[in-house]
Amino acid sequence: MSQGPRSGLAAVSSALLAMSRHLEVRDVLKTIVASARELLDAQYAALGVPDDHGGFAQFVVDGVTDAQWKAIGPLPRQHGILAAMLHEAKVERLADVRTDPRFEGWPAAHPDMSDFLGLPIRDGDEVIGALFLANKNCPKPEGGCGFTTEDEELLSILAQHAAIALTNARLYERSRELTIAEERSRLAHELHDAVSQKLFSLRLTAQAAAALVDRDPSRAKGELQQVAVLAAEAIDELRAAVVELRPAALDEDGLLATLRTQVQVLDRAHTARVSFAAAGFRALPAAQEEALLRVAQEALHNALRHSGAENVDVTVNRRGGGAVLRVTDDGSGFDPHVTRRAGRHLGLVSMRDRASGVGGTLTVESAPGKGTTIEMEVPGG
């Protein structure tokens, strides 16, 4: 805090805002560590999240090069001073961590550390992590610690907000896992219904053909041709389901290429014409691109399975610093104001949740006999 109250508060504010921007746990951990090291002007910072087996589920460092981290070796166990912060759940401020009787088990390749400040990160009564810094960049008093009581208070404030950010990120990831599980369950039911019906029809038609082979070969030939048609339709159903179940390669291909590929497959698998177009789009944060993809998939599913549409158009365009996704069909449509049950059936609630979860908005335009347009806008990163 030696920079003065105004600059100190500004630094704290910047650190807290940085933590709140991220939804992925790993990103939150990295931001906490980097913010703590910068805020307290330390040479090293680290944060460990304990597992249930005496080790760390995650351990993030800042101030250590990739080569140093690789040389250090496996993640540490919960021992020594790290265990003290986790199990005794109190602040540790030491002039020289190496002289503490609990100092043990540090790898030979580990950077040399002296003055030390560490504290637990709590979620209520549960310790969900341990945050520590080493080697304050300042002149040290003879035999004393470079970290001050002000540093300790500042890190405590940061740790409280870190607990909130980390808990929110965990809840977000669990929510995503549940959503993925729900989507897979929905697809499994649809796959069972659609393919089972095709295979049942195929079986009956094949049996009819077998019965007709001897007494009416021409009719048997027609039945066998129908068998081929039903088999092809079953294969298309399976292919479309596999595309939806396969994790989207957003990291490798990006949103546009992933959407374009899925639209092309759906266009082949269904009688409706499905098209895709994009203009002016630029890459967005991963969470936003995933939300756009999932909303597009849900809207396409509705249009192709429930609306009876002959044409479905998907567009992605740049709007300001963000993007707008639009899925339009010429199907049967519905009244979004009175068809609450249909809204749940069509996944409109989950689509709105996905949009709001990344700071976006979702609008639905539809009317009986007039088709449907689903539009999602995100502001960008």
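Student: How many bridges pair β9 with strand β10 (residues 372–378)?

Tutor: This is a predicted model, in which local features need pLDDT (the predictor's confidence in each residue, from 0 to 100) of at least 70, side-chain atom pairs count only at pLDDT 80 or more, and totals for chains, interfaces and linings use all residues. Residues are numbered from 1 along each chain as its sequence is written, and side-chain values use heavy atoms, with hydrogens and water left out. Strands (E, at least two residues) and helices (H or I, at least four residues) are DSSP runs numbered from the N terminus, and two strands pair if DSSP finds at least two bridges between them. For β9 and β10, which pair in the antiparallel sense, the number of bridges is six.

Student: Which residue of β10 is the bridge partner of Val364?

Tutor: Strands of a sheet pair through backbone hydrogen bonds, either parallel or antiparallel. In β10, the bridge partner of Val364 is Ile374.

Student: Which are the edge strands of the open sheet?

Tutor: The sheet has five strands in the order β6-β7-β8-β10-β9, with mixed pairing. The strands that each pair on one side only are β6 (273–279) and β9 (361–366).

Student: What angle does the direction of α10 make with that of β9?

Tutor: Helix α10 packs on the sheet and touches β9 and β10; a contact means heavy atoms within 4.5 Å. Axes are lines fitted to C-alpha atoms, for helices over the stretch in contact, and angles run from 0 to 180 degrees between N-to-C directions. Between the directions of α10 and β9, the angle is about 145°.

Student: Why do the buried residues of α10 lie on the same side of the helix?

Tutor: In α10 (residues 348–357), the buried residues (under 20% relative accessible area, 1.4 Å probe, protein chains only) are Leu348, Met351, Arg354 and Ala355. The arc is that of the directions from the helix axis to the C-beta atoms. These residues lie on the same side of α10 because they cover an arc of only 120°.

Student: Which residue in the turn between β4 and β5 has a positive phi?

Tutor: Strand β4 (residues 116–123) and β5 pair in the antiparallel sense over eight bridges. They form a hairpin with two residues between them, and the one with a positive phi of about 70° is Gly124.

Student: How many of the 11 residues of β5 are buried?

Tutor: Besides β4, strand β5 (residues 126–136) is joined to β1 (residues 42–50), by six bridges. Strand β5 is mostly covered, and the number of its buried residues is 10.

Definitions and conventions. Buried means under 20% relative accessible area, exposed over 50%, partly exposed in between (1.4 Å probe, protein chains only).
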